[in-house]
Amino acid sequence: MKSSLIILCLVTLIVGCQSTEIPPIDQDLQLAQTALTNGHADNALEIYKQKLKQNPSDAQLLFLAGSACNQAARYDEALHYLNKGSALAPSSEFDRELGRAYLALGNIQAATDSLRKAVDNNNKDDVALNSLGVTYSLQKNYLKARDAFQQAINLRPDSLEYRNNLALGWLLEGKAEHSIQILYPIYMRGEATSKIRLNLALSYAANGKLDAAKTIAMGELSQSELEPTLAYYQTLAEKGID
(Lines give C-alpha, C1' and ligand atoms only; values in the text may rest on other atoms or scores of the structure.)
Protein backbone atom coordinates (compact mmCIF):
# COMPACT_ATOMS: atom_id res chain seq x y z
CA MET A 1 0.00 0.00 0.00
CA LYS A 2 1.49 3.30 -1.04
CA SER A 3 1.22 5.96 1.59
CA SER A 4 0.68 8.66 -1.05
CA LEU A 5 -2.58 6.97 -2.08
CA ILE A 6 -4.19 7.10 1.37
CA ILE A 7 -5.52 10.64 1.17
CA LEU A 8 -8.35 11.64 -1.07
CA CYS A 9 -10.12 14.87 -1.03
CA LEU A 10 -12.53 16.45 -3.54
CA VAL A 11 -15.21 19.03 -2.49
CA THR A 12 -16.64 21.99 -4.44
CA LEU A 13 -18.92 24.80 -3.13
CA ILE A 14 -20.98 27.09 -5.38
CA VAL A 15 -22.59 29.96 -3.49
CA GLY A 16 -25.35 32.22 -4.73
CA CYS A 17 -26.11 35.77 -3.67
CA GLN A 18 -29.05 38.10 -3.34
CA SER A 19 -29.50 41.83 -3.78
CA THR A 20 -32.24 44.29 -2.98
CA GLU A 21 -33.21 44.36 -6.67
CA ILE A 22 -33.85 40.79 -7.70
CA PRO A 23 -32.21 40.15 -11.10
CA PRO A 24 -33.90 38.05 -13.77
CA ILE A 25 -33.63 34.38 -12.91
CA ASP A 26 -31.52 32.36 -15.34
CA GLN A 27 -33.45 29.10 -15.58
CA ASP A 28 -30.53 27.34 -17.26
CA LEU A 29 -28.15 28.17 -14.41
CA GLN A 30 -30.77 27.09 -11.88
CA LEU A 31 -31.11 23.77 -13.70
CA ALA A 32 -27.33 23.35 -13.75
CA GLN A 33 -27.13 24.08 -10.02
CA THR A 34 -29.81 21.47 -9.36
CA ALA A 35 -27.87 18.95 -11.43
CA LEU A 36 -24.70 19.67 -9.43
CA THR A 37 -26.55 19.37 -6.14
CA ASN A 38 -27.89 15.98 -7.19
CA GLY A 39 -24.46 14.74 -8.23
CA HIS A 40 -24.91 15.09 -12.00
CA ALA A 41 -21.92 17.29 -12.82
CA ASP A 42 -21.83 16.12 -16.45
CA ASN A 43 -25.36 17.41 -17.01
CA ALA A 44 -24.46 20.76 -15.46
CA LEU A 45 -21.36 20.94 -17.63
CA GLU A 46 -23.40 20.50 -20.81
CA ILE A 47 -25.57 23.45 -19.81
CA TYR A 48 -22.52 25.64 -19.17
CA LYS A 49 -21.01 24.62 -22.51
CA GLN A 50 -24.15 25.63 -24.37
CA LYS A 51 -24.18 29.01 -22.65
CA LEU A 52 -20.48 29.51 -23.38
CA LYS A 53 -21.22 29.16 -27.09
CA GLN A 54 -23.21 32.37 -26.75
CA ASN A 55 -20.75 34.08 -24.35
CA PRO A 56 -17.32 32.45 -24.74
CA SER A 57 -15.57 35.12 -22.67
CA ASP A 58 -17.92 35.07 -19.68
CA ALA A 59 -15.58 34.53 -16.72
CA GLN A 60 -18.37 33.32 -14.43
CA LEU A 61 -19.45 30.65 -16.93
CA LEU A 62 -15.85 29.60 -17.44
CA PHE A 63 -15.45 29.20 -13.68
CA LEU A 64 -18.65 27.21 -13.38
CA ALA A 65 -17.67 24.99 -16.29
CA GLY A 66 -14.22 24.39 -14.82
CA SER A 67 -15.64 23.60 -11.40
CA ALA A 68 -18.16 21.19 -12.93
CA CYS A 69 -15.33 19.51 -14.82
CA ASN A 70 -13.50 18.98 -11.53
CA GLN A 71 -16.60 17.40 -10.03
CA ALA A 72 -17.00 15.19 -13.11
CA ALA A 73 -13.31 14.12 -12.98
CA ARG A 74 -12.64 15.83 -16.32
CA TYR A 75 -9.49 17.48 -15.07
CA ASP A 76 -7.77 18.21 -18.39
CA GLU A 77 -10.94 19.89 -19.61
CA ALA A 78 -11.18 21.79 -16.32
CA LEU A 79 -7.76 23.34 -16.96
CA HIS A 80 -8.97 24.64 -20.34
CA TYR A 81 -11.89 26.57 -18.85
CA LEU A 82 -10.14 27.65 -15.67
CA ASN A 83 -6.99 28.95 -17.36
CA LYS A 84 -9.06 30.92 -19.84
CA GLY A 85 -11.30 32.34 -17.13
CA SER A 86 -8.40 33.15 -14.83
CA ALA A 87 -6.72 35.14 -17.59
CA LEU A 88 -9.89 37.20 -17.98
CA ALA A 89 -10.70 37.69 -14.28
CA PRO A 90 -8.03 36.40 -11.87
CA SER A 91 -9.33 35.34 -8.47
CA SER A 92 -8.52 33.07 -5.56
CA GLU A 93 -11.46 30.87 -6.60
CA PHE A 94 -9.89 30.24 -10.00
CA ASP A 95 -6.55 29.48 -8.31
CA ARG A 96 -8.25 27.00 -5.96
CA GLU A 97 -9.99 25.11 -8.75
CA LEU A 98 -6.83 25.11 -10.87
CA GLY A 99 -4.92 23.69 -7.93
CA ARG A 100 -7.48 20.95 -7.41
CA ALA A 101 -7.35 20.00 -11.11
CA TYR A 102 -3.54 19.90 -11.10
CA LEU A 103 -3.62 17.82 -7.91
CA ALA A 104 -5.97 15.25 -9.45
CA LEU A 105 -3.71 15.05 -12.51
CA GLY A 106 -0.66 14.40 -10.34
CA ASN A 107 1.09 17.70 -11.11
CA ILE A 108 1.92 18.31 -7.47
CA GLN A 109 4.15 21.35 -7.92
CA ALA A 110 1.62 23.20 -10.07
CA ALA A 111 -1.10 22.25 -7.60
CA THR A 112 0.93 23.55 -4.68
CA ASP A 113 1.72 26.82 -6.44
CA SER A 114 -1.93 27.46 -7.38
CA LEU A 115 -3.29 26.52 -3.96
CA ARG A 116 -0.70 28.63 -2.13
CA LYS A 117 -1.75 31.58 -4.28
CA ALA A 118 -5.41 30.89 -3.51
CA VAL A 119 -4.76 30.75 0.23
CA ASP A 120 -2.53 33.83 0.17
CA ASN A 121 -5.39 35.80 -1.38
CA ASN A 122 -8.14 34.22 0.73
CA ASN A 123 -7.07 32.54 3.96
CA LYS A 124 -10.72 31.76 4.78
CA ASP A 125 -11.09 29.23 1.94
CA ASP A 126 -11.26 25.91 3.80
CA VAL A 127 -11.46 23.87 0.58
CA ALA A 128 -8.23 25.41 -0.71
CA LEU A 129 -6.52 24.87 2.65
CA ASN A 130 -7.55 21.22 2.76
CA SER A 131 -6.34 20.63 -0.80
CA LEU A 132 -3.07 22.41 -0.01
CA GLY A 133 -2.64 20.07 2.94
CA VAL A 134 -2.98 17.11 0.58
CA THR A 135 -0.26 18.46 -1.71
CA TYR A 136 2.08 18.89 1.26
CA SER A 137 1.32 15.35 2.44
CA LEU A 138 2.19 13.95 -0.97
CA GLN A 139 5.51 15.79 -0.74
CA LYS A 140 6.02 14.34 2.77
CA ASN A 141 6.04 17.83 4.24
CA TYR A 142 3.82 16.71 7.10
CA LEU A 143 4.33 19.74 9.33
CA LYS A 144 2.98 22.10 6.66
CA ALA A 145 0.26 19.57 5.79
CA ARG A 146 -1.00 19.44 9.37
CA ASP A 147 -0.95 23.21 9.63
CA ALA A 148 -3.08 23.53 6.48
CA PHE A 149 -5.51 20.84 7.65
CA GLN A 150 -5.81 22.47 11.07
CA GLN A 151 -6.55 25.85 9.51
CA ALA A 152 -9.27 24.20 7.42
CA ILE A 153 -10.72 22.60 10.55
CA ASN A 154 -10.68 25.94 12.35
CA LEU A 155 -12.93 27.26 9.58
CA ARG A 156 -15.08 24.11 9.32
CA PRO A 157 -14.89 22.32 12.69
CA ASP A 158 -17.71 19.98 11.66
CA SER A 159 -15.83 18.56 8.65
CA LEU A 160 -15.02 14.88 9.16
CA GLU A 161 -13.03 14.92 5.93
CA TYR A 162 -10.62 17.54 7.23
CA ARG A 163 -10.19 15.75 10.56
CA ASN A 164 -9.56 12.50 8.73
CA ASN A 165 -6.88 14.15 6.62
CA LEU A 166 -5.25 15.66 9.70
CA ALA A 167 -5.20 12.22 11.30
CA LEU A 168 -3.58 10.74 8.21
CA GLY A 169 -0.99 13.50 8.29
CA TRP A 170 0.06 12.22 11.70
CA LEU A 171 -0.13 8.58 10.59
CA LEU A 172 2.03 9.13 7.53
CA GLU A 173 4.68 10.73 9.73
CA GLY A 174 4.71 7.60 11.88
CA LYS A 175 2.77 9.05 14.82
CA ALA A 176 -0.22 6.72 14.88
CA GLU A 177 -1.16 7.59 18.44
CA HIS A 178 -2.08 11.13 17.34
CA SER A 179 -4.14 9.75 14.49
CA ILE A 180 -6.05 7.52 16.91
CA GLN A 181 -6.74 10.48 19.21
CA ILE A 182 -8.48 12.26 16.32
CA LEU A 183 -10.39 9.36 14.78
CA TYR A 184 -11.44 7.38 17.86
CA PRO A 185 -13.90 10.01 19.22
CA ILE A 186 -15.57 10.21 15.80
CA TYR A 187 -15.84 6.42 15.78
CA MET A 188 -17.31 6.32 19.29
CA ARG A 189 -19.93 8.95 18.41
CA GLY A 190 -21.11 6.71 15.57
CA GLU A 191 -20.27 9.39 13.00
CA ALA A 192 -17.41 7.60 11.25
CA THR A 193 -17.71 6.69 7.59
CA SER A 194 -16.32 3.38 6.37
CA LYS A 195 -13.19 5.23 5.21
CA ILE A 196 -12.66 6.74 8.65
CA ARG A 197 -13.23 3.39 10.38
CA LEU A 198 -10.67 1.70 8.14
CA ASN A 199 -8.20 4.53 8.71
CA LEU A 200 -8.68 4.07 12.44
CA ALA A 201 -7.98 0.35 12.00
CA LEU A 202 -4.87 1.26 10.02
CA SER A 203 -3.77 3.59 12.81
CA TYR A 204 -4.26 0.87 15.41
CA ALA A 205 -2.18 -1.53 13.31
CA ALA A 206 0.59 1.03 12.92
CA ASN A 207 0.47 1.48 16.71
CA GLY A 208 0.88 -2.27 17.24
CA LYS A 209 -2.71 -2.81 18.43
CA LEU A 210 -3.59 -5.59 16.03
CA ASP A 211 -6.63 -6.89 17.91
CA ALA A 212 -8.33 -3.49 17.76
CA ALA A 213 -7.41 -3.13 14.08
CA LYS A 214 -8.82 -6.57 13.29
CA THR A 215 -12.06 -5.94 15.18
CA ILE A 216 -12.79 -2.80 13.17
CA ALA A 217 -11.69 -4.30 9.85
CA MET A 218 -13.91 -7.35 10.30
CA GLY A 219 -16.95 -5.09 10.33
CA GLU A 220 -15.94 -3.35 7.10
CA LEU A 221 -14.38 -5.94 4.80
CA SER A 222 -15.49 -9.13 3.12
CA GLN A 223 -13.69 -12.37 3.97
CA SER A 224 -11.69 -12.23 0.74
CA GLU A 225 -10.61 -8.66 1.52
CA LEU A 226 -9.90 -9.34 5.18
CA GLU A 227 -7.09 -11.89 4.83
CA PRO A 228 -4.66 -9.72 2.79
CA THR A 229 -5.58 -6.68 4.86
CA LEU A 230 -4.72 -8.41 8.14
CA ALA A 231 -1.43 -9.57 6.61
CA TYR A 232 -0.68 -5.96 5.74
CA TYR A 233 -1.60 -4.87 9.26
CA GLN A 234 0.90 -7.39 10.61
CA THR A 235 3.62 -5.98 8.37
CA LEU A 236 2.64 -2.46 9.35
CA ALA A 237 2.88 -3.28 13.06
CA GLU A 238 6.37 -4.67 12.52
CA LYS A 239 7.80 -2.12 10.08
CA GLY A 240 5.58 0.96 10.23
CA ILE A 241 4.34 3.15 7.35
CA ASP A 242 6.78 3.20 4.42
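Begin with the whole chain in view: residues 24 or more positions apart account for 48% of the contacts in the protein chain with a separation of 6 or more. Keep in mind while looking around that this is a predicted model. If you colour by secondary structure, you will find 13 helices and 0 strands, so that reading from the N terminus each element in turn is α. Of the 242 residues of the protein chain, 43% count as buried.

**The nonpolar cores**

Next, select Tyr48 and Tyr81, which have the most contacts inside the largest nonpolar core, a set of 43 residues. The largest share of this core, 7 residues, is contributed by helix 3. Show the surroundings of Tyr81 and, leaving out residues up to four places away in sequence, you will see that Tyr81 touches Leu45, Lys49, Leu52, Leu62, Ala65, Gly66 and Cys69. A second core, separate from the one just visited, has 21 residues, and to locate it you can select Leu168, Leu183, Ile186 and Ile216, which are included in it.

**Two residues of helix 4**

Now move to helix 4, residues 75–88, and pick out Ser86 together with Lys84, which is found in helix 4 as well. Which of the two is buried, and which is partly exposed? Ser86 counts as buried because its relative accessibility is 14%, under the 20% cut-off, whereas Lys84, with a relative accessible area of 36%, is partly exposed.

Display the contacts of Ser86, leaving aside its neighbours within four places in sequence, and the partners that appear are Phe94, Asp95 and Leu98. A distance drawn from the C-alpha of Ser86 to that of Gln60 gives 10.0 Å, for a pair that is 26 residues apart in sequence. For Lys84, the residues touched are Pro56 and Leu62, again not counting residues up to four places away in sequence. The C-alpha atoms of Lys84 and Ser57 are separated by 8.2 Å, although these residues lie 27 residues apart along the chain.

**Aromatic rings**

From Ser86, step across to its contact Phe94 and turn on the ring planes. How many aromatic pairs does a search of the whole structure find? The search finds 2. One of them joins Phe63 and Phe94, whose rings meet edge-to-face, at 5.3 Å centre to centre and with 90° between the planes. Because Phe63 lies in helix 3 (residues 59–71) and Phe94 in helix 5, this pair ties together parts that are 31 residues apart in sequence. Both Phe63 and Phe94 are buried.

For the pair formed by Tyr184 and Tyr187, the arrangement is tilted, with 6.4 Å centre to centre and 35° between the planes. Tyr184 and Tyr187 are separated by about one helical turn, because they are 3 residues apart in helix 10 (residues 176–188). Tyr184 counts as partly exposed, at 35% relative accessibility, and Tyr187 likewise counts as partly exposed, at 30%.

While the rings are displayed, select Arg146 and Trp170 too: the charged end of Arg146 sits over the ring of Trp170, 3.7 Å from the centre of that ring.

**Helix 7**

Finish at helix 7, residues 126–138, where a simple check of length can be made on screen. At 1.5 Å a residue, its 13 residues should span 18 Å, and the end C-alpha atoms are 19 Å apart, which agrees with that expectation.

At the start of the helix, zoom in on Asp125, where a side-chain oxygen reaches to within 3.1 Å of the backbone nitrogen of Val127. Beyond the other end, look at Lys140, which follows helix 7 and has a positive phi, near 60°.

Is helix 7 mostly covered or mostly uncovered? It is mostly covered, with 12 of its 13 residues buried; among them are Asp126, Asn130, Thr135 and Tyr136, as well as Val127, Leu129, Leu132 and Val134. To see what covers these buried residues, show helix 5 (92–105), helix 6 (108–121), helix 8 (142–155) and helix 9 (160–172), which are included in the covering.

Terms used
Residues are numbered from 1 along each chain as its sequence is written. This is a predicted model: local features need pLDDT of at least 70, side-chain atom pairs count only at pLDDT 80 or more; totals for chains, interfaces and linings use all residues. Side-chain values use heavy atoms; hydrogens and water are left out. Helices (H or I, at least four residues) and strands (E, at least two) are DSSP runs, numbered from the N terminus. The expected span of a helix is 1.5 Å times one less than its number of residues. Buried means under 20% relative accessible area, exposed over 50%, partly exposed in between (1.4 Å probe, protein chains only). Contact means heavy atoms within 4.5 Å. A polar contact is a pair of N or O atoms within 3.5 Å; within protein, one must be able to donate a hydrogen and the other to accept it, and residues adjacent in sequence count only if both atoms are side-chain atoms. Rings of Phe, Tyr and Trp (its six-membered ring) pair if their centres lie within 6.5 Å; planes under 30 degrees apart count as stacked, over 60 as edge-to-face and the rest as tilted. A charge sits over a ring if NZ of Lys or CZ of Arg is within 6 Å of the ring centre and within 35 degrees of the ring normal. A nonpolar core is a set of buried Ala, Val, Leu, Ile, Met, Phe, Trp, Tyr and Cys residues joined through side-chain atoms within 4.5 Å.
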